[in-house]
Amino acid sequence: MSVSKNLQNFTQWGRKIVAVGRNYRDHCAELGNPIPKSPLLFMKPPSSYLIEEAGPILIPRGCNDIHHEVELGVVIGSKCQDVSEKEVLNHVAGYALTLDMTARDFQNEAKAKGNPWAMAKCFDTALPVSRFIALNEIPDPGNVELWCKVNGEERQRGTTSDMIFSISHLISYISKYFTLDEGDLVLTGTPAGVGPVKEGDVLSCGITDLIEMNFNVKRKL
Ligand SMILES: CC(=O)CC(=O)C(=O)O
Ligand SMILES: [Mg+2]
């Protein structure tokens with residue numbers, strides 16, 4: 001797919017962000033969650049994007065347990081509606097390295113009450129994101145090593161080959177229920193090792209041999 005120069009600024013488009021949860025067995029196990037039979041989906045708003053130069057990750061007011069979740073993001077290049085798994089890669093413009101920051105205490109409370117996860121997943125700065133990564137930089141999205149460190153100490157290392165549902169399956173599945181548009185981002189779930197960060201920490205993550213990003217963590221005043 002040829003990518004318009006403009007799409008390299010996908011975070012400024014204000015497009016949808018669809019996130020997949022529980023897509024790695026080891027992560028399901030660490031939080032005691034069942035293995036899903038079909039993709040578990042939720043949304044994050046474009047106002048949650050945080051690019052590296054823009055400042056720190058802000059722990060939301062009242063949150064005492066914010067977790068890092070490193071994930072591969074997929075940038076949609078053209079409208080996806082009822083797209084078959086075989087066709088999906090024709091609609092992918094590129095990728096991004098992301099952190100699905102999660103207020104775990106808010107999420108646990110919401111889960112216990114059967115409420116939605118918006119407070120846990122949608123706060124400002126809940127989606128630190130890298131530059132646009134072109135298709136040729138990730139020749140095989142099904143075999144990408146992701147890592148995450150807190151103050152230099154490794155917390156997460158996993159590979160997209162361990163996803164329960166592949167990128168093709170996820171995007172085809174989503175497109176059967178709602179349309180994905182150019183500039184939308186799909187977060188593909190996190191491997192094991194999620195855990196807390198606190199004010200003053202430095203959170204780093206990367207794709208091995210390709211990209212690294214670093215964020216300071218502060219509490220929102
Ligand atoms: C338990 C979660 O927060 C689900 C999620 O986002 C994931 O990546 O898994
Ligand atoms: Mg996640």
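Let's start at the surface, with Asp 82: its relative accessible area is 58%, so this residue counts as exposed. Keep in mind as you explore that you are looking at a predicted model. Asp 82 sits in the loop between β6 and β7. Its backbone also has a feature to look for: phi is near 50°, a positive value in a residue other than glycine.

Stay in that loop for a moment and find His 91, which is placed between β6 (70-76) and β7 (92-99). Is His 91 buried or exposed? With a relative accessible area of 16%, His 91 is buried, because the cut-off for that word is under 20%. The side chain of His 91 has a partner as well, since a polar contact of 2.9 Å joins it to the side chain of Ser 78.

Now turn to the metal. Which residues supply the protein donors of the magnesium ion, ligand 2? They are Glu 69, Glu 71 and Asp 100, with the donor atoms lying 2.0 to 2.1 Å from the ion. Along the sequence, these donor residues follow the spacing E-x1-E-x28-D. If you check the two glutamates for accessibility, you will find that Glu 69 is buried and that Glu 71 is buried too.

The metal donors lead us to another molecule, ligand 1. There are 14 residues around ligand 1, and those that come nearest are Arg 22, Glu 69, Glu 71, Asp 100 and Lys 121. So the three donor residues of the magnesium ion appear again in this list of nearest residues. Look at a few individual distances. Arg 22 uses its backbone here: one of its backbone N or O atoms lies 2.7 Å from an oxygen atom of ligand 1. Glu 69 uses its side chain, where an N or O atom is 2.8 Å from an oxygen atom of ligand 1. His 27 also takes part, with a polar side-chain atom 3.2 Å from an oxygen atom of the ligand.

Next, follow the chain to helix α2, which spans residues 104-113. Its buried residues are Arg 104, Phe 106, Gln 107 and Ala 110. Why can we say that they share a side of the helix? They cover an arc of only 155° around the axis, and therefore they lie on the same side of α2. What do these buried residues pack against? Their neighbours are β5 (66-68), β8 (102-103) and α3 (118-121). On the face turned away from that buried side you can find the exposed residues Ala 112 and Lys 113. Just after the helix comes Gly 114, with a positive phi of about 70°.

Beyond α3 there is another residue with a positive phi to visit. Thr 125 is found in the loop between α3 and β9 (127-129). Its phi is near 75°, again a positive value in a residue other than glycine. Here the surroundings can be set beside those of the residue we began with: Thr 125 counts as buried at 8% relative accessibility, whereas Asp 82 is exposed.

Further along the sequence, Asp 201 lies in the loop between β14 (195-197) and β15 (202-207). At 5% relative accessibility, Asp 201 counts as buried. Which residues does Asp 201 touch, leaving out those up to four places away in sequence? They are Val 150, Asn 151, Phe 215, Asn 216 and Val 217. Take Phe 215 as an example: 14 residues separate it from Asp 201 in sequence, and the C-alpha atoms of the two are 8.4 Å apart in space. The side chain of Asp 201 also makes a polar contact of 2.9 Å with the side chain of Asn 151. In addition, a polar atom of the Asp 201 side chain lies 2.8 Å from the backbone nitrogen of Lys 198.

Let's finish with the cysteines. How many disulfides does the structure hold? The number is zero. Cys 148 and Cys 205 show why: the sulfur of Cys 148 has its closest cysteine sulfur in Cys 205, 5.7 Å away, which is too far for a bond. A disulfide would need the two sulfur atoms within 2.5 Å. Both of these cysteines are tucked away from the surface: Cys 148 is buried with a relative accessible area of 0%, and Cys 205 also counts as buried at 0%.

Methods: Residues numbered from 1 in each chain as written. Chains lettered and ligands numbered in written order. Predicted model: local features only at pLDDT ≥ 70, side-chain atom pairs only at ≥ 80, totals over all residues. Heavy atoms only, no water. Donors = N, O, S within 2.8 Å, 3.2 Å for Na, K, Ca; no water. Buried < 20%, exposed > 50% of the residue type's maximum accessible area, 1.4 Å probe, protein only. Helix = DSSP H or I, 4+ residues; strand = E, 2+ residues; numbered from the N terminus. Polar contact = N/O pair within 3.5 Å; in protein donor to acceptor, adjacent residues only side chain to side chain. Arc of directions from axis to C-beta. Contact = heavy atoms within 4.5 Å. Near = heavy atom within 4 Å.
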